[in-house]
Structure formats: structure tokens, C-alpha cells
Amino acid sequence: VSGMQEDDVLWIAMAGIHQIWALMLEGGKLPKGSDLKQGVCLRFAGSGNEENRNNAYPHKAGFAQPSGLSLAPEEPWSCLFVADSESSTVRTVSLKDGAVKHLVGGERDPLNLFAFGDVDGAGINAKLQHPLGVTWDKKRKLLYVADSYNHKIKVVDPKMKNCATLAGTGEAGNVVGSSFTQSAFNEPGGLCVEGNGRLMYVADTNNHQIKVLDLETKILSMALPILKPEACDVPDNLPVQKDKITNLPRLPKSAPNIQLPSLTVAPGQTIQFLLKLTLPLDSKLNEEAPSAWFITAEDNTWLLQGQCLIGEIKDVSCQTVIPFQLPGSCLSAEATLAIKACLYYCSKGSSACMMAGVSFSQPLQVTGTDQGSPAQVELTHTFVGN
């Protein structure tokens, strides 16, 4: 902006007052502005009126709850992309002269904020519904949009003003480990394309997950499940609450399910599951992501009473011991536990990071005879690289 560096200005979407503001991280000028000192924060665009009004003069333009921003400083774009939520549009703000223009969505009447829908098309013929996030793909010169109320991720070619569905069925859901067209979101909100341009991260708001879209293979997976430490805090004298179970991570559909031999156990007996996992060659765990094991029992939730249902995996070079104790009162002579692992690892030679999962199914035969000592079960699996 006026000879400044790309990171000299912090752009702020002021959704409540329908404006775009700028915080000067270094001294300099904004388009059509005077010299500003470092630390100054001021209105850059938007009159404050809640409307879908484009204008060559930024202070006379009108936004309606602008939420997502993404910068495209390179030519010929030289603009700020804006997800204008309430008008269901994507707009641009020029970094040369501040002019606010329409890109896709909405309609021509600046006071009609109800021109929403779910239609692929060009310019005003495309329809969005309350988009919350945008992110610029420098590699492909494309803009991705979190079309939140349509439960989709859309892609916009700013040169042709064409908007098309990239991922999501349009129905609220939670489907990972699949192609983009079969995937499902629930009000996705935030987007970010990583530096190499291969992966896009999506904040899937109502699913409480960070998902990752591989823009080359067109496969969706779960990047970061939100782990709940309180899932371990289940009193011995209370049944397992449903929300403790539903807050556990979900493995991709591609994760292998290993069937274990049936194990004879007694009420109150302890089982030690010895988890030993091997990563692909030249890979290591991502220390900044929550690799974890967790336990489920879909048809036998009484087994989970008083259990710690989840734990962190910090090192795969040694066994992880997962303790489990059967309840003193067993409700069935036959039951099945599932011990699952969700790992996030990176290739040592590059910045590529992946998610992998595995599930072990352990059938139990419950007898009235106490075995007297803990039972030990080895859980081993080797992940194969792509």
C-alpha cells in the first residue's frame, strides 16, 4: 500500500459497525490518505450503514457484517477480498484507490440483504448464504469461500467472476476421508491455505473440528479434532454421559479396523492395552498437534463407566500403556471395546504433514471367575506412507 510492505498493515473486519479498519503496524500511507504513524487504527472503508453498496469512494461504500478478509497484494489483483456475510456477497477493496466493488453473490439493490441462495454461476448470478471466511490461493490465483449457511466451500475465479462449489454436499453433516464432492460440513467458518498451496484448513464450526482439504488429491480429512480433557473425569458411580462420548475424535473412513481375538475377563479385572505404532520411514510426530488414543464401546457404553476415555500419544518409539478396568457389575457376558489411535505426523524432509488412524476391536467374554492379575493385550500397527 503506497510502497509499504504486505505485512505493514493489519486489516480488521468490524462486523458490528459494518466497516473495514486498518491498524498501521508501520508508518506509511493508505490509498488516498495522508501519512500515518505506527500504531494508528482507523476506518478504511464503509459508511457504517448496513447495506450492500459499492462505491469508488471507500467511505461511501456500505457493508453488511463483513466477517472474513484475505489479502491479494500482487498484480493485477492488488485488493482485499471481503466476505460480506449479511449481504451474502464477496466484495473487493482496491489497495490502489480504496474502491469497493462487487465480485460474486447478492443483487444490485444495495438495500436488499436477502438475495441469498446456493447457486453456482458468475458475478451476480452466483448465490451464497452468509459466507464467513475467504482465503486467497496465490499458487492457483483462486479465492476460496466458506459459504457457511450452505455448508459448502466454494471457489471463485476473480478474473472471470465465476463461483463454483468445491466441497460439501449442501447438507449439514460430518463426512471426512472422502472426495470433496462427498464431504460434508456444518457451517464452516474460517479458511486458510498453507504456504505451499497444497492444503487448505477449514474451521468446521458446528462439528468443532479443523478439517484439511488436499487441493491436489481432492481428498478431505480431519486435521485437528478438539480434544476434551474432561472426557477422563467420569465418576465411578455415574453412567457415562453422552457428550463425553460424542466429543471424542472421529477417525477417517480409510482407517483400518483390526479385529483382535476374544479375551476372557472377569468383573473388576484390569486390562493393559500395550499400543505400539510405527510411522512411515523418515516421519515424526507433529508436536503441535494432539495425537491421541481413545476408547469407545458403541453398543456397550456401560463398559466405559469410570474410565479415562482418552489420552495423549507423545512418543511412538516406545509402547503406550492404556489401562482399562471392567466395572464391578457387568451388564452382559459378551461385549466389544474399540481402542483407537489418531496420529498427526510430518515428513522429516519436508513440511508435509498427515493424519492417520487405526482402530482395534477387542471382543470380551465376561465370566464370574477373577483372573487375579491384569490381562495384557498388544496393539501393533505400521502405517504406510502415501
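How many residues lie between β6 and β7 in their hairpin, and which residue in the turn has a positive phi? Keep that in mind as you open this predicted model, and let's start the tour right there.

**Stop 1: the hairpin**

Select residues 66–72, which are strand β6, and residues 79–84, which are strand β7. The two strands pair in the antiparallel sense over 6 bridges. Now show the turn: 6 residues separate β6 from β7 in this hairpin, and Ser78 has a positive phi of about 45°. To check the register, pick Ser70, whose bridge partner in β7 is Phe81.

**Stop 2: the two domains**

Zoom out and colour by domain. The domain assignment gives domain 1 as 64–225 and domain 2 as 257–382. Their C-alpha centres lie 38 Å apart.

Switch to colouring by confidence while you have the whole chain in view. The mean pLDDT of the chain is 87, with 90% of its residues at 70 or more. Then select 227–246, where the pLDDT is below 50; this stretch nevertheless has 31 contacts in the model beyond near neighbours in sequence. Please read its placement with that confidence value in mind.

**Stop 3: salt bridges**

The structure holds 12 salt bridges, and we will visit a few of them. Show the side chains of Asp118 and Lys154, which meet in a salt bridge at 2.7 Å, N to O. This pair links distant parts of the chain, 36 residues apart: Asp118 sits in the loop between β9 (100–105) and β10 (121–122), while Lys154 belongs to strand β13 (residues 152–157).

Is each partner buried or exposed, or something in between? Lys154 counts as buried because its relative accessibility is 0%. Asp118, by contrast, is at 33%, so this residue counts as partly exposed.

Next, select Lys139 and Glu216. They form a salt bridge whose closest N and O atoms are 3.2 Å apart. Here too the pair joins distant parts of the chain, with their positions 77 residues apart: Lys139 is in the loop between β11 (133–137) and β12 (142–147), and Glu216 is in the loop between β18 (209–214) and β19 (219–225). Glu216 counts as partly exposed because its relative accessibility is 44%.

For the third pair, go to Lys211 and Asp204, where the side chains meet in a salt bridge of 2.8 Å, N to O. Lys211 is at 0% relative accessibility and so counts as buried. Asp204 is at 1%, so Asp204 counts as buried as well. Before leaving, add Asp147 and Lys152 to your selection of Asp118 and Lys154: salt bridges that share partners join these four residues into one network.

**Stop 4: an open sheet**

Our last stop is an open sheet of 3 strands, in the order β26-β22-β29, with mixed pairing. What leaves one side of β26 and of β29 without a neighbour in the sheet? Select 320–325 for β26 and 375–382 for β29: both stand at the edges with a single partner strand each, so one side of each has no neighbour there. Turn the view a little and compare the strand directions: neighbouring strands of this sheet are turned by 20° against each other on average, direction ignored.

Now highlight β22, residues 270–278, which is joined to β26 by 6 bridges, the two running antiparallel. To finish, click on Leu274 and look across to β26, where Val321 stands opposite.

Definitions and conventions. Residues numbered from 1 in each chain as written. Predicted model: local features only at pLDDT ≥ 70, side-chain atom pairs only at ≥ 80, totals over all residues. Heavy atoms only, no water. Pairing = 2+ DSSP bridges. Helix = DSSP H or I, 4+ residues; strand = E, 2+ residues; numbered from the N terminus. Axes fitted to C-alpha atoms, helices over the stretch in contact; angles between N-to-C directions. Domains from an automatic or database assignment. Buried < 20%, exposed > 50% of the residue type's maximum accessible area, 1.4 Å probe, protein only. pLDDT = per-residue confidence, 0-100. Contact = heavy atoms within 4.5 Å.
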